[in-house]
Amino acid sequence: MALGPIKKVVLGSLAFAVFWILAVFPAVPFLPIGRTAGSILGAMLMVIFKVITPKEAYSAINLPVLGLLFGTMVVSIYLERADMFKHLRVLLSWKSWGAKDMLCRICIVSAISSALFTNDTTCVILTEFILKIARENNIRPEPFLLGLASSSNIGSSATPIGNPQNLIIAIQSGISFGEFVLGLLPAVLLGVFVNALILLCMFWRLLSDVEKDSDVHQISLATMSSPKSLESHECDPITEHVTSQSSPVINRDGGHSKNLKNRLSELDMCSDSCGEIELKKPVLSKKEATDNTLSEIGEQKEERFARGGVQGTMEMTTDLESGPQQSTEESKGQLNRWKRLSWKLCIYLGTVGMLVAFLMGLDMSWTALTAALIFVILDFKDAGPCLEKVNQQVSYSLLVFFCGMFITVDGFSKTGIPTSFWTLMEPHAQIDHASGIAVLAIVILVLSNVVSNVPTVLLLGAKVAACAAAISPSKEKKAWLILAWVSTVAGNLSLLGSAANIIVCEQAFRAQPSYNITFWSHLKFGVPSTLIVTTIGLALVLA
């Protein structure tokens, strides 16, 4: 496709420039309307300038990508409610030995999590936890935050659901979930290892000084619990009832004041803290607890009867009724616990089922939407609060942003500029020899950091695949995998290279301004890491 009419080229380029500026700099002073409004503005300008027709604009929106993105977001929210991310935090802090060990764990856990729950979701969930570690152990968070963002980007390239550009590639190429994973998993595993090694080399002295100065050799699990994860547990109605109604009673051995409430509270605390609190009293069965309560009430009977009057009689009647009530509340509490455990098990099994369906080659968009709907039904209550949490954590505005971006990129493609650019580069970017692969990788790296990785995939994907298919059908699949690998790892090059980087940086800055990661400090790590990891990964993908 040659360049279009000069008017169409100029106006289409202007609309795309508006979209790009607001996508990269959402708070630009002369038009601080944000990324989402910027993408809609770019799409609207494409239609107003008659670069594309309204019908073509609607056709440009990729509904399967939006459905898969929304479905995985809802699944991630239910997994968080089922304490999946609490278990990830436990993996990070369990018997951790020093800052270097913690950095390696963050790289591994964030890579695995991002492959299953997207890199943006992983960064949103784990950034707060890393900042908590830094505060409580007097550690500079910079290496850990860089490890989280970079490993999330690398790990997300392992699956089609790891990031938005992979969703687009998987749907446009027709590569199955299993083929995608097998094609990129070796590169991801080695890439995460090399990235962690680069971080250790760059921050070795800092991490060693921290361990030496603060004498931090083991990070305690007890201090690493996140408030959000604790809030996800339902309150135990037994403990609440006993705490609110029981009164202090003298023990029969004449010792310290201790009643049934305290013994039951200690039992609940012991079960919740996994053995951190050691009980000094024997555990009572339901029958024994009820008998002891009635016995204690009997001991108070004479004292209250001595006070006489109707009030004493009424108090005795109430206490006689409270024993069976406490037993009933305890039974209800046990039932609630079993219900929650059953619900969590169903969520975990449903997620595994979704991944198995992906591997079987079923339609990924409808599979993710089906899993999300099943979770809503299993919750058996109004889904409004859960869907509102999707808006808070990942944002429905992201879906709107993608709609505007699809239209804007399609309009820019119709100007003929991307095709002309690829025609210029195609002779030098053939993937049947090393120099061509190097040129293709450089083009993808530069464009992914200039126009972002998702527009790069939309602009170049079909062209790169068609060029490779002319060589051989097997080369077409390799071309898609190269595009997925390079466009994703390219996000580590600069702070603006991926949304995951921005999420981590913004959350850290809001928590404490001194935790700010500057553009240049990120670039100092990003350039060597991106170039080395990309090169190693390309060798494995091609092999």
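The following paragraphs lead through a predicted model, from its overall composition to particular helices and side-chain arrangements.

The protein contains 24 helices and zero strands. Of its 543 residues, 50% are buried. Among contacts with a separation of 6 or more, 76% join residues that stand 24 or more positions apart. The surface that the protein exposes amounts to about 25900 Å², and carbon and sulfur atoms supply 66% of that area.

The interior may be approached through its nonpolar residues. The largest nonpolar core holds 126 residues, and the members that touch the most other members are Phe-144, Phe-358 and Trp-485. Helix 10, which covers residues 177–214, gives the most to this core, contributing 14 residues. The surroundings of Trp-485 can be listed in detail. Once neighbours within four places in sequence are set aside, Trp-485 is in contact with Ile-154, Ser-157, Leu-184, Ala-187, Val-188, Val-533, Thr-534, Gly-537 and Leu-538.

Aromatic side chains offer a second view. A search of the whole structure finds eight aromatic pairs. In one of them, the ring centres of Phe-16 and Phe-412 are 4.2 Å apart and the planes meet at 15°; because planes under 30 degrees apart count as stacked, this pair is stacked. Phe-16 belongs to helix 1 (residues 6–24) and Phe-412 to helix 18 (residues 397–413), so the pair ties together parts that are 396 residues apart in sequence. Both partners are covered: Phe-16 counts as buried at 7% relative accessibility, and Phe-412 counts as buried at 10%. A further pair, formed by Phe-401 and Phe-402, is edge-to-face, with 6.2 Å from centre to centre and 80° between the planes. Phe-401 has 15% relative accessibility and therefore counts as buried, while Phe-402 is buried with a relative accessible area of 3%. Ring pairs link these four residues, together with Phe-19 and Phe-406, into a cluster.

Helix 2 leads back to these elements. Its buried residues pack against helix 1 and helix 18; they are Gly-34, Gly-38, Ser-39, Gly-42, Ala-43, Leu-45 and Met-46. Helix 2 spans residues 34–48, and its 15 residues reach 21 Å from the first C-alpha to the last, close to the 21 Å expected at 1.5 Å a residue. Lys-50, which follows helix 2, has a positive phi near 60°.

Helix 6 can be examined in like manner. This helix comprises 20 residues (98–117), which should span 28 Å at 1.5 Å a residue; its end C-alpha atoms are 28 Å apart, so the geometry agrees with expectation. Helix 6 is mostly covered, as 15 of its 20 residues are buried. Thr-118 follows helix 6 and has a positive phi, near 75°. Elsewhere among the ring interactions, Lys-100 lies over the face of Trp-204, at 4.6 Å from the ring centre.

The walk closes with Ala-543. This residue lies in the segment after helix 24 (519–542). Is Ala-543 buried or exposed? Its relative accessibility is 82%, and because residues over 50% count as exposed, Ala-543 is exposed. The C-alpha atoms of Ala-543 and Gly-183 are separated by 9.5 Å, although the two residues are 360 residues apart along the chain.

Terms used:
Residues are numbered from 1 along each chain as its sequence is written. This is a predicted model: local features need pLDDT of at least 70, side-chain atom pairs count only at pLDDT 80 or more; totals for chains, interfaces and linings use all residues. Side-chain values use heavy atoms; hydrogens and water are left out. Rings of Phe, Tyr and Trp (its six-membered ring) pair if their centres lie within 6.5 Å; planes under 30 degrees apart count as stacked, over 60 as edge-to-face and the rest as tilted. Helices (H or I, at least four residues) and strands (E, at least two) are DSSP runs, numbered from the N terminus. Buried means under 20% relative accessible area, exposed over 50%, partly exposed in between (1.4 Å probe, protein chains only). A charge sits over a ring if NZ of Lys or CZ of Arg is within 6 Å of the ring centre and within 35 degrees of the ring normal. A nonpolar core is a set of buried Ala, Val, Leu, Ile, Met, Phe, Trp, Tyr and Cys residues joined through side-chain atoms within 4.5 Å. Contact means heavy atoms within 4.5 Å. Accessible areas come from the Shrake-Rupley method with a 1.4 Å probe; for residues, only the protein chains shown count as cover. The expected span of a helix is 1.5 Å times one less than its number of residues.
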